[in-house]
Amino acid sequence: MSHVFPRHTKSNLPIAVAGDGCYVIDAVGKRYLDCGDAAVSCLGHSDQSVIEAVQDQVGKIAFAHTGFMTSEPAEALADLLIEHAPGNLDRVYFVSGGSEATEAAIKLARQYFLEIGQPERRHVIARRQSYHGNTLGALSAGGNAWRRAQFAPMLIEMTHIAPCYEYAEKPDDESSYDYGQRVANELESEILRLGPETVMAFMAEPVVGATLGAVPAVEGYFRRIREICDQYGVLLILDEVMCGMGRTGHLFACDHDGISPDILCIAKGLGAGYQPIGAMLCTSKLYGAIEEGSGFFQHGHTYVGHPVATAASLAVVQQLIQRNLPTRATEMGDVLQNALLEEFGQHPNVGDIRGRGLFRGLELVGDRATKTPIDPSNGTAAKIKKAAFSEGLICYPMSGTRDGRHGDHILLAPPFIIGNSEIGELVTKLSKALSAAV
Ligand code: PLP
């Protein structure tokens, strides 16, 4: 009889007792190839340098409240992140996960406009079919209809424009580029509708993760978004909680798009699962407004800048950089994409195989020609998750890809240390799971 409050009351979970590279091992010795529960494990489950960094820091000082003191690992990690961060990002606000990072981003945007004397700026615009976290502010920004539904009466009013979702939403007679510009221009229309003087920020994932299944924007989309934000003085918040930290081939995902945000959120791969950590990075301009204004960000949690969490993360980011792992993610991502195409490229229920780096998605359909989704009553994603897990494969299937109800996809986000034989194992196990489910 367990007293843990689980995610699902009817699930009977195995107990994870050990990690070995890309594998999680349960109490009866069964090995599960971790190809992305939620895109956390980028270094695998037994990276000695991170384990030692955690042990070393706990032995020195585990906790010191940031209202009174800073710590060596927090300072070193902030320096390292800023050394590699795009644009004018200059300050790092450490938190304990992705939702805390996006919440902090929304609040910083608001406080920035108060500091510079534009208190009427209060609206956040985000995109449909996106996810920014589960706390109420983050959930309000997210456009995941299913996740929002039951909390809708409590959510903060934010508006949502179209995602950049080429496979399902680009008409055949429009070029990718034109499609991207058109959907980016929805931001301008929405700013004008709300009144430019009232809009404070636009928030988006550079590569949409759990909700759409690894969907990058088309060429030119984010450059147009950046232009529109600049024109109307709206802050650009990029949520790289899932796609950042090397997963899509760059330490910061937006480097691919050639733009930089005013605020950037990271988590997941930042701690690689060794510690719960997230971070919000902001530009010197935003930080300066607070420094020269009220002098403090009216926000905070007990565990911001936790010494053990930042020590683990420092070791993780050092590994990512020293071993050039974002480039490895690109290379192994190509291997994975080719293996997926070979196995599922002609599969009658696989409509699209997409993504960037080691962040891949397969969109499932009932009919490839018309791209019609599978009947939602089949519960396809849930069946695949169960069948894959029983084969010894952890992946992240989701339903509601198209509109929160229709559509299914499988998200794959294996550790960057994955090798060719493990990619073979992944494809074989996924193939069995797919056959069992559709
Ligand atoms: N933002 C994105 C893009 C995410 O994918 C997630 C989690 O999946 C979050 C925010 C929330 O992160 P967390 O679950 O660590 O709070």
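1. **Ligand shell.** Eleven names are worth marking on the structure, and they surround the ligand: Gly97, Gly98, Ser99, Tyr131, His132, Gly133, Glu205, Asp239, Val241, Met242 and Lys268. Keep in mind that this is a predicted model. By class, the shell holds three nonpolar, five polar and three charged residues.

2. **Polar contacts to the ligand.** Start with Gly98. A polar atom of the Gly98 backbone sits 2.8 Å from an oxygen atom of the ligand. Lys268 uses its side chain instead: a polar atom there lies 2.9 Å from an oxygen atom of the ligand. Tyr131 offers a polar backbone atom, 3.5 Å from a nitrogen atom of the ligand. Now look at cover. The ligand taken alone exposes 390 Å². The protein buries 82% of that area.

3. **An open sheet.** Which order do the strands take in the open sheet? The order is E1-E2-E3-E15. Four strands take part, and their pairing is mixed. Strand E1 (16-20) and strand E15 (393-394) are the edge strands. Each of these two pairs on one side only.

4. **The E1 and E2 pair.** Zoom in on one end of that sheet. Strand E2 covers residues 23-26. E1 and E2 run antiparallel to each other, and four bridges join them. For one example, take Gly19: its bridge partner in E2 is Val24.

5. **Arg224.** Is this residue buried or exposed? Arg224 is buried, because its relative accessible area is 14%, and buried means under 20%. Arg224 belongs to helix H8, which covers residues 221-232. The side chain of Arg224 also makes a polar contact with the side chain of Glu188, at 3.5 Å.

6. **The whole protein.** Step back to the full fold. The protein has 13 helices and 17 strands. Its radius of gyration is 21 Å, close to the 22 Å that the globule rule gives for 438 residues, so the protein is as compact as a globular protein of that length. The C-alpha trace spans about 60 × 60 × 45 Å along its principal axes. Of the 438 residues, 57% are buried.

7. **What to check on screen.** Find the ligand, then trace the contacts from Gly98, Tyr131 and Lys268. Next, follow the sheet from E1 to E15. Finish at helix H8, where Arg224 sits, and look for Glu188 as the partner of the Arg224 side chain.

Terms used
Residues are numbered from 1 along each chain as its sequence is written. This is a predicted model: local features need pLDDT of at least 70, side-chain atom pairs count only at pLDDT 80 or more; totals for chains, interfaces and linings use all residues. Side-chain values use heavy atoms; hydrogens and water are left out. A residue is near a molecule or strand if one of its heavy atoms lies within 4 Å of it. A polar contact is a pair of N or O atoms within 3.5 Å; within protein, one must be able to donate a hydrogen and the other to accept it, and residues adjacent in sequence count only if both atoms are side-chain atoms. Accessible areas come from the Shrake-Rupley method with a 1.4 Å probe; for residues, only the protein chains shown count as cover. Ala, Val, Leu, Ile, Met, Phe, Trp, Tyr, Cys and Pro count as nonpolar, Asp, Glu, Lys and Arg as charged, and the others, Gly among them, as polar. Two strands pair if DSSP finds at least two bridges between them. The radius of gyration is taken over C-alpha atoms; the globule rule is 2.2 Å times the number of residues to the power 0.38. Buried means under 20% relative accessible area, exposed over 50%, partly exposed in between (1.4 Å probe, protein chains only).
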